Amino acid sequence: MIKQAIILAAGMGSRLAALHDKAPKSFITIEETPIIIRSIELLLSVGIDHILIGVGHKKEFFESLKNKYPITCIENPAYASTGSLATLAVCQNSLRKNEPVLLLESDLLYEKQALMNTIDSPYETCVLSCPVTTFGDEVYIQRTYKNTLINMSKKQEDLEETSSVLVGINKISANHFEKLCNISKQLTPEKHYEDGLVTLAQSEPVHVIKRDITWCEIDTPEHYHFASSIIWPEIKKKETVPNIPRNILLNPGPATTTDTVKYAQVVPDICPREAEFGDILTSIRNDLTNLCAHTETHTTVLIGGSGTAAVDAMLSSVISRTALVISNGAYGKRMEEILKTYNIPYIVIHSEPTEPLNIKIIEAEIIKHHADLSHICMVHHETTTGLLNPIEKIGELCQTYKLSLCIDAVSSFGAIPIDMAAMNVDFLASTANKNIQGMAGLAFVIANKKALQVTKELPAKNYYLHLWSHYDSLEKTKQTRFTPPVQTIYALRQALIELKQEGVENRYRRYISCWETLMTGLNSLNLKTLVEKEHHGKLITTILEPTLPNYNFQDMHGYLYDRGFTIYPGKLGNNHTFRISNIGELHSKDIALFIDALKNYLSIIQ
Ligand code: PLP
Ligand code: MG
Ligand code: MG
């Protein structure tokens with residue numbers, strides 16, 4: 001997947017000077033927004049996180065954008081006497097190595113779909129084209145029957161076949177970019193990137209993808225009038241989507257999602273065995289790994305299913321001898337049940353669900369059983385109570401006693417920062433639909449590659465959930481072993497873009513601020529919680545039910561549900577509790593509104 005872009009913006013745009021001479025032409029505004037800013041915002045919204053702008057003429061305008069946007073300006077000092085191919089070449093050293101790049105002209109007004117068509121095309125290097133337009137200044141394309149580029153020209157008569165025109169949005173592989181830079185040294189300096197691509201196409205496949213998209217370039221006053229009166233209204237019409245009614249989910253996942261994540265599922269039907277889908281899977285795997293480790297040492301295995309599928313795959317596939325399970329809630333118990341189902345030998349330490357773990361007792365148990373043990377299995381954040389277990393301390397024990405640590409991070413991953421290498425975690429199971437704020441249906445195990453390699457030799461205990469087989473398929477074919485939840489994967493791609501933009505630490509901060517609003521509200525209503533703040537994950541709170549005679553959980557649930565708030569029952573044995581989670585696309589004000597509604601309910605049943 002493409003994560004970097006170059007916008008070629010060094011030129012003087014002199015044909016537009018009569019209308020717009022104070023600033024570079026890409027600062028011309030459509031509904032008060034300069035077209036360059038719309039382009040930058042669109043690039044960021046599709047996950048491009050490294051944007052280079054090749055500048056020259058009036059470069060200070062572009063420099064000023066650095067205050068607001070994460071962009072880098074690269075100067076072509078010879079902009080007045082060189083073409084856009086020279087500007088492209090000066091950007092070379094500022095690109096991330098071995099990654100493809102999106103190459104855009106700066107004077108375009110285009111719909112977002114144009115970016116998606118280019119990013120998601122299966123070809124390493126491609127130019128986006130559309131059926132012939134009559135805006136003026138078209139660059140016509142001649143292509144082979146296999147849709148590879150032969151030639152481009154502004155003069156139709158130069159070409160044998162001209163059924164498509166260049167848009168100005170292109171995808172270039174790392175290797176082809178390097179070749180283009182070499183070509184720029186061979187061609188005369190006034191040449192443009194189009195000339196570079198035509199030369200490249202003589203020896204390498206440059207695909208022409210043709211899509212019926214809404215766009216135009218703005219080179220002349222006529223273009224500008226056309227852009228504002230025809231193209232912009234059409235783009236707005238295409239990109240306006242209805243708001244989806246918002247429910248405030250206070251259950252611990254599936255969590256409240258953004259509309260952009262919901263809409264990311266609406267994509268053309270695609271067979272998940274196609275190359276472009278494989279690229280999306282690879283990119284998602286790398287993004288997930290990068291949230292808690294490095295891709296050189298760690299890898300992510302995607303598995304269709306809920307969070308339990310990942311925990312099940314992890315436990316059934318990696319334990320070589322006896323496991324020590326640290327259990328202090330319903331999900332610790334589930335780990336025991338999974339191991340029991342597969343007849344995997346295990347020892348369990350039960351700890352009080354609302355109390356912190358006693359590390360001394362755990363160490364003593366490890367010493368006692370050391371000869372048999374190979375793994376420790378535990379839940380990071382016990383969703384039963386909201387208790388946060390100190391995986392780093394158990395990781396230290398694992399290092400001392402040469403054990404491998406497997407954690408269920410289903411309800412912590414994506415919010416509570418985890419560094420697998422530093423914490424000595426070898427395997428981590430989680431899911432798309434909690435703190436990552438994606439949709440339900442996809443789970444994953446993030447693994448230390450060396451530890452995963454060892455599991456290849458273990459006899460498989462199941463068929464569908466065998467971790468090594470899933471990994472092997474993803475590595476060898478870039479495809480999932482079985483049919484994946486296709487649309488959930490598109491939503492996850494968008495959710496990961498949004499998580500990266502917010503940052504895991506900031507996301508946790510936002511969740512904590514929701515939790516603090518919740519705690520203040522619960523205090524004001526005299527409702528008691530169970531876990532001390534010091535050991536609390538601040539993601540889900542177990543609350544003792546009020547002792548009012550007319551209280552009834554279902555009744556309270558119904559009252560709040562009617563008002564848009566979904567609350568969750570307790571899961572703690574005999575304690576009469578209910579739970580409120582504060583994960584997902586929520587803000588403090590949502591929690592404050594919930595507290596108001598809860599207060600109203602409690603006063604009604606008083
Ligand atoms: N583990 C933990 C810690 C959880 O919180 C959950 C669900 O809330 C699960 C496992 C199971 O996830 P799922 O219901 O997606 O199978
Ligand atoms: Mg032009
Ligand atoms: Mg132009």
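How many bridges join β26 to strand β27, and in which sense do the two run? Two bridges join them, and the strands run antiparallel. The model is predicted.

## The three-stranded sheet

Strands β24, β27 and β26 form an open sheet, in the order β24-β27-β26. The pairing is antiparallel. The edges are β24, residues 540-544, and β26, residues 568-569. Each edge strand pairs on one side only.

Strand β27 covers residues 577-581. One residue pair can be named at its contact with β26: Y568 has R579 of β27 as its bridge partner. Strands of a sheet pair through backbone hydrogen bonds, in either a parallel or an antiparallel way.

## Helix α17 across the sheet

Helix α17 spans residues 504-524 and lies across β24 and β27. The helix runs at about 10 degrees to β24. α17 has 21 residues. From first C-alpha to last, α17 reaches 30 Å, close to the 30 Å expected at 1.5 Å a residue. Just after α17, N526 takes a positive phi of about 65 degrees.

Which residues of α17 are buried? They are V504, R507, Y508, R510, Y511, C514, W515, L518, M519, G521 and L522. An α-helix has 3.6 residues a turn, so residues three or four places apart point the same way. The cover over the buried residues of α17 includes β24 and β27. It also includes two helices, α16 (486-502) and α19 (588-605).

## The two magnesium ions

Two magnesium ions, ligand 2 and ligand 3, are 3.1 Å apart. E217 coordinates both. For ligand 2, the protein donors are D137 (OD), E217 (OE), E217 (OE) and D219 (OD). They lie 1.9 to 2.6 Å from the ion. Along the chain, the donors of ligand 2 follow the spacing D-x79-E-x1-D. D137 lies in the loop between β8 (126-131) and β9 (140-143), while E217 is in strand β13 (residues 215-217), so the pair ties together parts that are 80 residues apart in sequence.

For ligand 3, the protein donors are D107 (OD), E217 (OE) and D219 (OD), at 2.1 to 2.5 Å from the ion. Their spacing along the chain is D-x109-E-x1-D. Here too the pair links distant parts of the chain: D107 sits in the loop between β6 (101-105) and β7 (108-110), and E217 in β13, 110 residues apart.

## Exposure of the donors

Is E217 buried or exposed? E217 has a relative accessible area of 11%. Buried means under 20%, so E217 counts as buried. D107 is buried as well. D137 has a relative accessible area of 23% and is partly exposed.

## Strand β8 and its partners

Why is β8 largely enclosed by the rest of the structure? Five of its six residues are buried, so the strand is largely enclosed.

β8 pairs with two strands. With β11, residues 164-172, the pairing is antiparallel over five bridges. There, C126 has K171 of β11 as its bridge partner. With β12, residues 207-210, four bridges form and the strands run parallel. There, V127 has V208 of β12 as its bridge partner.

## Nonpolar cores

The largest nonpolar core has 83 residues. L288, F413 and F427 have the most contacts inside this core. Helix α16 gives the most to it, with eight residues. A second, separate core has 41 residues, including I2, F27, V55 and I169. In soluble globular proteins, nonpolar side chains tend to be buried together.

What does F413 contact, leaving aside its neighbours within four places in sequence? The residues are L288, L291, C292, I418, L428, S430, N435, I436, F444 and I446.

## An exposed loop residue

D269 is found in the loop between α8 (259-263) and α9 (275-290). At 77% relative accessibility, D269 is exposed. D269 and G564 are 295 residues apart in sequence. In space they are 32 Å apart, C-alpha to C-alpha.

Terms used:
Residues are numbered from 1 along each chain as its sequence is written. Chains are lettered from A and ligands numbered from 1 in the order in which they are written. This is a predicted model: local features need pLDDT of at least 70, side-chain atom pairs count only at pLDDT 80 or more; totals for chains, interfaces and linings use all residues. Side-chain values use heavy atoms; hydrogens and water are left out. Two strands pair if DSSP finds at least two bridges between them. Contact means heavy atoms within 4.5 Å. Axes are lines fitted to C-alpha atoms, for helices over the stretch in contact, and angles run from 0 to 180 degrees between N-to-C directions. The expected span of a helix is 1.5 Å times one less than its number of residues. Buried means under 20% relative accessible area, exposed over 50%, partly exposed in between (1.4 Å probe, protein chains only). Donors are N, O and S atoms within 2.8 Å of the metal (3.2 Å for Na, K and Ca); water is not among the atoms, so sites may look incomplete. A nonpolar core is a set of buried Ala, Val, Leu, Ile, Met, Phe, Trp, Tyr and Cys residues joined through side-chain atoms within 4.5 Å.
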